[in-house]
Amino acid sequence: MSNSKNVLGKSLEICCQSPVTGFYRNGCCDTGAEDFGLHVVCAQVTAEFLKYSKDKGNDLITPMPMYNFPGLKPGDKWCLCVSRWQEALEAGVAPPIVLASTHEKALKFVPLEVLQEHSI
């Protein structure tokens, strides 16, 4: 686990271990120079969001065993790209988020007040 901070200024907490999420597949929405998509928002995905994401070209539903990806179902937690979460917010289908597991870099794109309004 890194020394990263969450949007509340505390240590970044695990988002999900089953399925294992995060850009680094360590269960944490940590980020680094390699993470061009900024997978920093820990969301509890909904059916509406999964459909929206699939319609936008990012199928998070279909299992992809070659990438050790089981496919997501409503209720699963997953580290989302901050830009995709923002798009979903504008479309009215943003899934709720876990503030303690959302990386502080999300604040460069979304105000804390907005994140709080959509927190679990």
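1. Two residues are said to touch, or to be in contact, when they have heavy atoms within 4.5 Å. With that in mind, proline 63 touches Phe69, Pro70 and Gly71, leaving aside residues up to four places away in sequence. This is a predicted model, in which local features need pLDDT of at least 70 and side-chain atom pairs count only at pLDDT 80 or more, whereas totals for chains, interfaces and linings use all residues. Residues are numbered from 1 along each chain as its sequence is written, and side-chain values use heavy atoms, with hydrogens and water left out.

2. Proline 63 sits in the loop between H1 and E2; helices (H or I, at least four residues) and strands (E, at least two) are DSSP runs, numbered from the N terminus. Because its relative accessible area is 48%, proline 63 counts as partly exposed, where buried means under 20%, exposed over 50%, and partly exposed in between (1.4 Å probe, protein chains only).

3. The loop between helix H1 (47-55) and strand E2 (77-81) also holds tyrosine 67, which is exposed because its relative accessibility is 58%. Together with Met64 and Met66, Tyr67 forms a nonpolar patch on the surface, with about 370 Å² of accessible area in total. Such patches are made of residues with over 30% relative accessible area and no salt bridge (a side-chain nitrogen of Lys or Arg within 4 Å of a carboxyl oxygen of Asp or Glu); nonpolar side chains (Val, Leu, Ile, Met, Phe, Trp, Tyr) are joined within 5 Å, and like charges within 9 Å. The areas come from the Shrake-Rupley method with a 1.4 Å probe, and for residues only the protein chains shown count as cover.

4. Strand E2 is largely enclosed by the rest of the structure, because four of its five residues are buried. E2 pairs with strand E1 (residues 39-44) in the antiparallel sense over five bridges, where pairing requires that DSSP finds at least two bridges between the strands. Within this pair, glutamine 44 stands opposite lysine 77 of E2.

5. The largest nonpolar core (buried Ala, Val, Leu, Ile, Met, Phe, Trp, Tyr and Cys residues joined through side-chain atoms within 4.5 Å) has 24 residues, of which Val41, Leu60, Leu80, Trp85 and Leu115 touch the most other members. E1, H1, E2 and helix H2 (82-91) are the elements that each give two or more residues to this core. A second, separate core of six residues includes Cys15, Cys16, Cys42 and Cys79.
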